[in-house]
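Student: Please take one part of this model and go through it closely. I would like to see how that part sits within the whole.

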Number of protein chains: 2
Amino acid sequence: MLGRLNHVAIAVPDLAAASEIYRDTLGAKLTEAQILPEHGVTVVFIDLGNTKIELLEPLGADSPIAAFLAKNPSGGMHHVCYEVPNILAARDRLKEQGARILGDGEPKIGAHGKPVLFLHPKDFNGTLIELEQA
Amino acid sequence: MLGRLNHVAIAVPDLAAASEIYRDTLGAKLTEAQILPEHGVTVVFIDLGNTKIELLEPLGADSPIAAFLAKNPSGGMHHVCYEVPNILAARDRLKEQGARILGDGEPKIGAHGKPVLFLHPKDFNGTLIELEQA
């Protein structure tokens with residue numbers, strides 16, 4: 001079921017400062033910042049050739065990464081996103097196996113315009129997993 | 001400087017249980033467990049096609065992931081590893097930029113038989129970064 005690693009998301013308190021570190025200190029290739037109000041984040045992508053890093057800064061009071069940054073004020077690895085060929089088949093298999101889907105269990109349209117689901121980190125060794133239909 | 005994402009490392013308290021979750025619940029392709037006494041871990045690799053996940057279980061009392069698991073008993077994302085073309089050039093650039101290298105600043109031979117360095121998570125938004133010479 002698990003396909004390619006689509007991205008690793010890193011939550012940061014200050015996207016401009018984090019972008020500077022990745023661009024200048026680490027010599028990475030970054031996109032311009034994109035404001036995604038419907039996802040409550042501003043995002044910069046780092047192209048690594050085989051996959052990408054998403055740097056996420058909270059946007060608005062209801063940002064889904066606000067609680068994470070309250071616990072980890074300097075930021076940290078927030079989630080990993082794996083591609084799956086069929087999000088509904090993946091969801092049904094996971095539920096059969098007893099894994100918990102976050103929210104109402106229905107796929108939402110994610111930051112790349114594709115259906116996504118998030119899985120409960122307590123079922124996966126403390127790792128928040130996003131599944132995205134490839 | 002930053003090249004491909006070589007792997008994402010996830011620390012787990014019980015490698016057999018975690019392997020079962022990734023294999024059976026998530027349908028991932030796993031290697032057999034490898035015991036790496038010189039690195040203080042037992043490791044299982046998950047092949048994602050474009051990159052890999054390393055599941056790490058502590059081995060021995062001095063395991064480098066023991067402190068992380070004491071803080072995160074059910075496990076969690078431990079580090080990301082980026083490839084660089086030249087580890088010494090990378091190290092010198094990072095030092096010039098004021099970033100801190102863990103340990104004595106000299107590359108060690110990592111789990112894949114190649115020279116590696118670890119960078120201080122406080123300089124990179126709470127993310128522990130491993131650099132591996134490609």
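**Around the rotation axis**

Tutor: In chain B, the residue whose C-alpha comes closest to the rotation axis is B:N50, at 2.9 Å. The contact surface is shared by both copies, since 100% of the contact residues of chain B recur in chain A. The model is a predicted one, and what follows should be read as such.

The axis itself comes from superposing the copies. A turn of 180° with a shift of 0.0 Å along the axis lays chain B on chain A, with an RMSD of 0.0 Å. The two copies are therefore related as by a two-fold rotation axis.

Now the corresponding position in chain A. A:N50 is found in the loop between β4 and β5, the latter covering residues 52-58. Is A:N50 buried or exposed? Its relative accessibility is 6%, so A:N50 counts as buried; the cut-off for buried is under 20%. Apart from neighbours within four places in sequence, A:N50 has contacts with A:R4 in its own chain and with B:R4, B:L5, B:N50 and B:T51 in the other chain. The pair A:N50 and B:N50 is thus among these contacts. Along the chain, A:A61 is 11 residues from A:N50, yet the C-alpha atoms of the two are separated by 34 Å.

The strand before this loop is β4, residues 41-47 of chain A, and A:T42 is part of it. A:T42 has a relative accessibility of 8% and therefore counts as buried. Setting aside residues up to four places away in sequence, A:T42 touches A:L15, A:A33, A:Q34, A:I35, A:L55, A:L56, A:E57 and A:L59. Of these partners, A:L55, A:L56 and A:E57 fall in the range 52-58 given for β5.

Another place where the chains meet involves B:T25, in helix α1 of chain B, residues 15-25. B:T25 is buried, with a relative accessible area of 11%. Beyond residues up to four places away in sequence, B:T25 touches B:E20 in its own chain, and A:M1, A:R93, A:L94, A:Q97, A:A99 and A:F124 in chain A.

The residue that follows A:F124 in number is A:N125, which lies in the loop between β8 (115-119) and β9 (129-133) of chain A. A:N125 counts as buried, at 11% relative accessibility. Its phi is near 50°, a positive value in a residue other than glycine. Most residues other than glycine have a negative phi. In chain B, B:N125 likewise has a positive phi of about 50° and lies in the loop between β8 and β9. At 11% relative accessibility, B:N125 counts as buried.

These pieces belong to a chain with 3 helices and 9 strands. From the N terminus, the order in chain A is β-α-β-β-β-β-α-β-α-β-β-β. Chain A has 134 residues, for which a compact globule would have a radius of gyration near 14 Å; the value of 15 Å agrees with that. The C-alpha trace spans about 45 × 30 × 25 Å along its principal axes. Of the 134 residues, 50% count as buried. Among contacts between residues at least 6 apart in sequence, 52% join residues at least 24 apart. The accessible surface of chain A is about 6,000 Å², and 53% of it belongs to carbon and sulfur atoms. Chain A carries 12 positive and 17 negative charges, whose mean positions are 7 Å apart.

Definitions and conventions:
Residues are numbered from 1 along each chain as its sequence is written. Chains are lettered from A and ligands numbered from 1 in the order in which they are written. This is a predicted model: local features need pLDDT of at least 70, side-chain atom pairs count only at pLDDT 80 or more; totals for chains, interfaces and linings use all residues. Side-chain values use heavy atoms; hydrogens and water are left out. Helices (H or I, at least four residues) and strands (E, at least two) are DSSP runs, numbered from the N terminus. The radius of gyration is taken over C-alpha atoms; the globule rule is 2.2 Å times the number of residues to the power 0.38. Buried means under 20% relative accessible area, exposed over 50%, partly exposed in between (1.4 Å probe, protein chains only). Contact means heavy atoms within 4.5 Å. Accessible areas come from the Shrake-Rupley method with a 1.4 Å probe; for residues, only the protein chains shown count as cover. Lys and Arg count as positive and Asp and Glu as negative; His and the chain ends are not counted. The place of a charge is taken as NZ of Lys, CZ of Arg, CG of Asp or CD of Glu. Copies are superposed by least squares on the C-alpha atoms of residues with pLDDT of at least 70 in both.
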